[in-house]
Amino acid sequence: MDTGSFIAIDSGGSRLRGYAWPSEREFSGDGSTHSSSVALDLARNITAALPEEITEVETIVLSLAGIPHNKSDQELLAAAISQRVIFSKLLITSDTHAAALSLESHSDLVITVGTGITALVAKDDKIFDLTGHGYLIGDEASGYWIGRQGLNAALKGVEGRGIETSLTQISQNFYQITAAQLADYVHQLGNPVTHIAAFAPLVTEAAENHDPVAISIINKAAEEIKSLIVLAIKRADIKTVALMGGAIPPGGLLHKSVLAMTKDLRVNFTQEIAEPLIGARKIASDPAIQKEIICIYASEITSKTWSSLYLHNVQDLLKRVSRTQEDSIAQAVALFADALANGKMIHTFGTGHSHLLAEEIFYRAGGLAAIYPILDERLMLHKDVVKGSQSERLPGLARELLTRHPITRGDVVVVISNSGGNQVTLDLVSLAQEAGAKVIAVTSINHATSKSARSNNAQKIHQLSDVVLDNSGIVGDASIRVIGNKMAVAPTSTIIGGAMLQAVVVGTVAELIKRGIEPEIFLSSNMVGGDENNSAIFDKYRPLIHLYN
């Protein structure tokens, strides 16, 4: 690791910019605003923006519009970034502080107006913030605030609660919806703050075109900024002010309005353009400045943080599969329901740890009765583990298994394999389909299609099966790289696979009820009536499922 190497990043609410040394590579990406998981949102956008060739640096400096407020979130941010690039220390400061450091001549007050707004006073021994409280309780005059005021005025105008304004039609054109749909649409956006802030330039444009409502909004924003300057004069007798940020460009209407309103305040406005990214770069190369800001050393990230990162990763994967696998789960439900409605069986199969999923929906409290796992000691984990890894690659073994475990036309077979390429699994898919059964694959398409996957089989189970449930896991399954450890740890395939299969079970029960069929479901043996309920199921299925004997 080059001890002088660094990555400097400035991330606002809408945009991220970065610079890497010594490659002098510049890059950009999406910004991140205040959210319920600001640390992970930041990490996600930062790592997505990093150039592929940058994998290790000494220092990372982050200039942020919204800083994770507690140490645990700051460590979580560092741990999440470390999954993409190795570093020794992570330094975090506000974009206002970084902007102030970028100026050649010192300004007593630096006001940054972007998606949000911050104001930093630094004069003599007085250093304090005046705003920057976020969109929920502050950010007056920010891009988000201007956009929100514009949308609010647009709705008031069309409803008759306010003055008619061109902003109504402008908002409809911008979001491509009707005024009646506007509120619901904005509230359901994935990142509403950024989308609302994006409307701010159109409010400014409407003001420039003499819309009285838009003019009032811009004037109110200028008054809010003036109030910050007045307060800074009162508290610190400031003399110089720097205005910066994408929502207040030099020469723009808001910038000119602020200058006009503050003529009587006897302060000087710097003509320099403050650049937080330049300030972040300065921090990276100046140990003296580094002593004054938040610093997270990679080697000191706690075990609690690493555990938390894994749980967050699992939560993100569950959210992802709930979106991406919705149709596949519905298709699997239809196959399950068709089979059970016609008196057929659901078979499950997996080798190694995948056999855990083959048993996940078998004989479970709250689980379906007609589930029959294909289990063989040679492919499980309680006996001859090393030999089991060799057995799963044997041609002909799948046919042997099915001679003892018959599959018939109309049945459904769930085949679980994270890699999707072991020979016995591939053979079993083909044999099940030859018998007239439908096959559902539970696999990782990322791993199956990776160049680093061990199996060189021409086909994988996701290419052969009737329905594919993709667990979205990373190549190799282990999801966390703890700094200082050579190998990644913490697989996700079992958790995500189990969740998807249980989602199929729930959907199947609902579909059977819809068809007027009472599902056969196990009750916990530890509950009153459990033994009686389950005994009736055993009596019915003993001739079909030898594991009940």
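Arg-515 sits in the loop that links helix H21 (493-514) to helix H22 (530-541). Its relative accessibility is 35%, so Arg-515 counts as partly exposed. This is a predicted model, and the loop position is a handy place to start reading it. Setting aside residues up to four places away in sequence, Arg-515 touches Ala-334, Ala-337, Asp-338 and Ala-341. Take the last of these partners: Ala-341 is 174 residues from Arg-515 along the chain, yet their C-alpha atoms are separated by 8.6 Å.

**The overall picture**

Zooming out, the protein has 22 helices and 18 strands. Its C-alpha atoms fill a box of roughly 95 × 65 × 45 Å along the principal axes. There are 549 residues, and 50% of them count as buried. What about contacts between residues with a separation of 6 or more? Of those, 72% come from residues 24 or more positions apart, and the pairing of Arg-515 with Ala-341 spans 174 residues. As for the surface, the protein exposes about 26,200 Å², with carbon and sulfur atoms supplying 51% of that area.

**Where H17 meets H18**

How do helix H17 and helix H18 pack? H17 covers residues 397-404 and H18 covers residues 423-434; their axes are 8 Å apart and the angle is about 50 degrees. Because of that angle, H17 is oblique to H18. The crossing of the two helices is right-handed. On the H17 side, the contact is made by Leu-397, Ala-398, Arg-399, Leu-401 and Leu-402, while H18 brings in Val-424, Asp-427, Leu-428, Leu-431 and Ala-432. Sorted by class, that makes eight nonpolar residues, two charged ones and no polar ones in the contact of H17 with H18.

**A buried asparagine before H18**

Staying by H18, have a look at Asn-418, which is placed in the loop between strand E14 (412-416) and H18. Is Asn-418 buried or exposed? With a relative accessible area of 15%, Asn-418 is buried. Leaving out neighbours within four places in sequence, Asn-418 is in contact with Ser-354, Thr-443, Ser-444, His-447, Asn-471, Asp-477 and Ser-493.

**Backbone oddities**

A few spots in the backbone are worth a visit. One is the peptide bond from Trp-21 to Pro-22, which is cis, with omega near 15 degrees. Pro-22 belongs to the loop between strand E2 (15-21) and strand E3 (25-30).

Then there are Arg-266, with a positive phi of about 60 degrees despite not being a glycine, and Ala-490, another residue other than glycine, with a positive phi near 70 degrees. Arg-266 lies in a loop, between helix H10 (253-261) and strand E10 (268-269), whereas Ala-490 is in a strand, E18 (residues 489-491). Arg-266 is exposed, at 76% relative accessible area. Ala-490, at 21%, counts as partly exposed.

Here are the accessibility values for the residues picked out above:

| Residue | Relative accessible area | Class |
|---|---|---|
| Arg-266 | 76% | exposed |
| Arg-515 | 35% | partly exposed |
| Ala-490 | 21% | partly exposed |
| Asn-418 | 15% | buried |

Why does Ala-490 count as partly exposed? Buried means under 20% relative accessible area and exposed means over 50%, with partly exposed in between, so Ala-490, at 21%, goes into the middle class.

How values were computed. Residues numbered from 1 in each chain as written. Predicted model: local features only at pLDDT ≥ 70, side-chain atom pairs only at ≥ 80, totals over all residues. Heavy atoms only, no water. Axes fitted to C-alpha atoms, helices over the stretch in contact; angles between N-to-C directions. Helix = DSSP H or I, 4+ residues; strand = E, 2+ residues; numbered from the N terminus. Parallel < 35°, antiparallel > 145°, perpendicular 65-115°, else oblique. Left-handed = near helix turned anticlockwise from the far one by under 90°. Contact = heavy atoms within 4.5 Å. Nonpolar A, V, L, I, M, F, W, Y, C, P; charged D, E, K, R; others polar. Buried < 20%, exposed > 50% of the residue type's maximum accessible area, 1.4 Å probe, protein only. Areas by Shrake-Rupley, 256 points an atom, 1.4 Å probe, with all protein chains shown as cover.
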